[in-house]
Amino acid sequence: LYDFGMVTQDALQSLRYEDRDIHTGLYNRRGFLSVADYILARSAKEELHSTLVYIEMLNLLSLVKEFGGLIEREMLTNFVETLKSAFRSSDIIARIDSNKFLVLTSHNQSFEIKRVFMQLKEKMQLANKGKQDGFHAQYR
């Protein structure tokens, strides 16, 4: 019985990793889609607003080509921490490609989203402050 429990636990753990990006710990495309389906259905049922935010790091790929993987890890870590601090813990953040991210917010109003965008912009500016020119995250 103990062995069966360990096998089951290992299988569940491996499923969890299939839904996560190995470099950031965020949801990957697959994980995002499975969670988003549930959240959007629930929001529709309760007639609540949801917002999908697309964010692209514009200079990540060029910096990786020029300086290698170490700069990628550092920039990703800083960028992900900034995203997490700008959005609520209930918002779903995913890395869907090497430099592309989605955030699904639910149960919000338009004025709240505007505030979150302003907060994200401020946090990105603060995170980039003091970094060498060219080594800061550029995003849209």
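Just after helix α2 of this predicted model, glutamate 47 takes a positive phi of about 55 degrees. Glutamate 47 adopts this positive phi although it is not a glycine, and its place is in the loop between α2 and β1. With a relative accessibility of 73%, glutamate 47 counts as exposed, because the cut-off for that class is over 50%.

The helix that precedes this loop, α2, covers residues 29–45, and its 17 residues should span 24 Å at 1.5 Å a residue; the C-alpha atoms at its ends are 24 Å apart, which agrees with that expectation. At the start of α2, a side-chain oxygen of asparagine 28 reaches to within 3.1 Å of the backbone nitrogen of arginine 30. Within the helix, the buried residues are Gly31, Phe32, Val35, Ala36, Ile39 and Ser43. The spacing of such positions can be considered in the light of helical geometry: an α-helix has 3.6 residues a turn, so residues three or four places apart point the same way. The buried residues of α2 pack against three strands, namely β1 (50–56), β2 (92–97) and β3 (100–106). In orientation, α2 lies across β1, β2 and β3, and runs at about 20 degrees to β3.

These strands belong to an open sheet of 3 strands, in which the order is β1-β3-β2 and the pairing is antiparallel. The edge positions are taken by β1 and β2, each of which pairs on one side only. On average, and with direction ignored, neighbouring strands of this sheet are turned by 20 degrees against each other. In general terms, strands of a sheet pair through backbone hydrogen bonds, either parallel or antiparallel. Here β1 is joined to β3 by 7 bridges, with the two strands running antiparallel, and threonine 51 has threonine 105 in β3 as its bridge partner. On the other side, 5 bridges join β2 to β3, and these strands also run antiparallel; arginine 95 is partnered in this way with phenylalanine 101 of β3. The strands β2 and β3 form a hairpin, with 2 residues between them. Strand β3 is mostly covered, in that 6 of its 7 residues are buried.

A further local arrangement is found around threonine 24, which is located in the loop between α1 and α2. Threonine 24 has a relative accessibility of 15% and therefore counts as buried, the cut-off being under 20%. The side chain of threonine 24 is joined to that of aspartate 21 by a polar contact of 2.8 Å, while a polar atom of the threonine 24 side chain lies 3.2 Å from the backbone nitrogen of leucine 26. When neighbours within four places in sequence are left aside, threonine 24 is in contact with Leu76, Val80 and Arg95. Of these, arginine 95 is the residue whose bridge partner in β3 is phenylalanine 101.

For the protein as a whole, the secondary structure comes to 5 helices and 3 strands, and from the N terminus on the elements run α-α-β-α-α-β-β-α. Buried residues make up 34% of the 140 residues. Among contacts between residues at least 6 apart in sequence, 64% join residues that are at least 24 apart.

Confidence varies along the chain. The protein averages a pLDDT of 79, and 79% of the residues score at least 70. Confidence is highest in β2, at a mean of 94, and lowest in helix α1 (residues 2–18), at a mean of 51. Over residues 1–5 the pLDDT is below 50, and this stretch has 0 contacts in the model beyond near neighbours in sequence. Where pLDDT is low, the predicted coordinates should not be read in detail.

How values were computed
Residues are numbered from 1 along each chain as its sequence is written. This is a predicted model: local features need pLDDT of at least 70, side-chain atom pairs count only at pLDDT 80 or more; totals for chains, interfaces and linings use all residues. Side-chain values use heavy atoms; hydrogens and water are left out. Helices (H or I, at least four residues) and strands (E, at least two) are DSSP runs, numbered from the N terminus. The expected span of a helix is 1.5 Å times one less than its number of residues. Buried means under 20% relative accessible area, exposed over 50%, partly exposed in between (1.4 Å probe, protein chains only). Contact means heavy atoms within 4.5 Å. A polar contact is a pair of N or O atoms within 3.5 Å; within protein, one must be able to donate a hydrogen and the other to accept it, and residues adjacent in sequence count only if both atoms are side-chain atoms. pLDDT is the predictor's confidence in each residue, from 0 to 100. Two strands pair if DSSP finds at least two bridges between them. Axes are lines fitted to C-alpha atoms, for helices over the stretch in contact, and angles run from 0 to 180 degrees between N-to-C directions.
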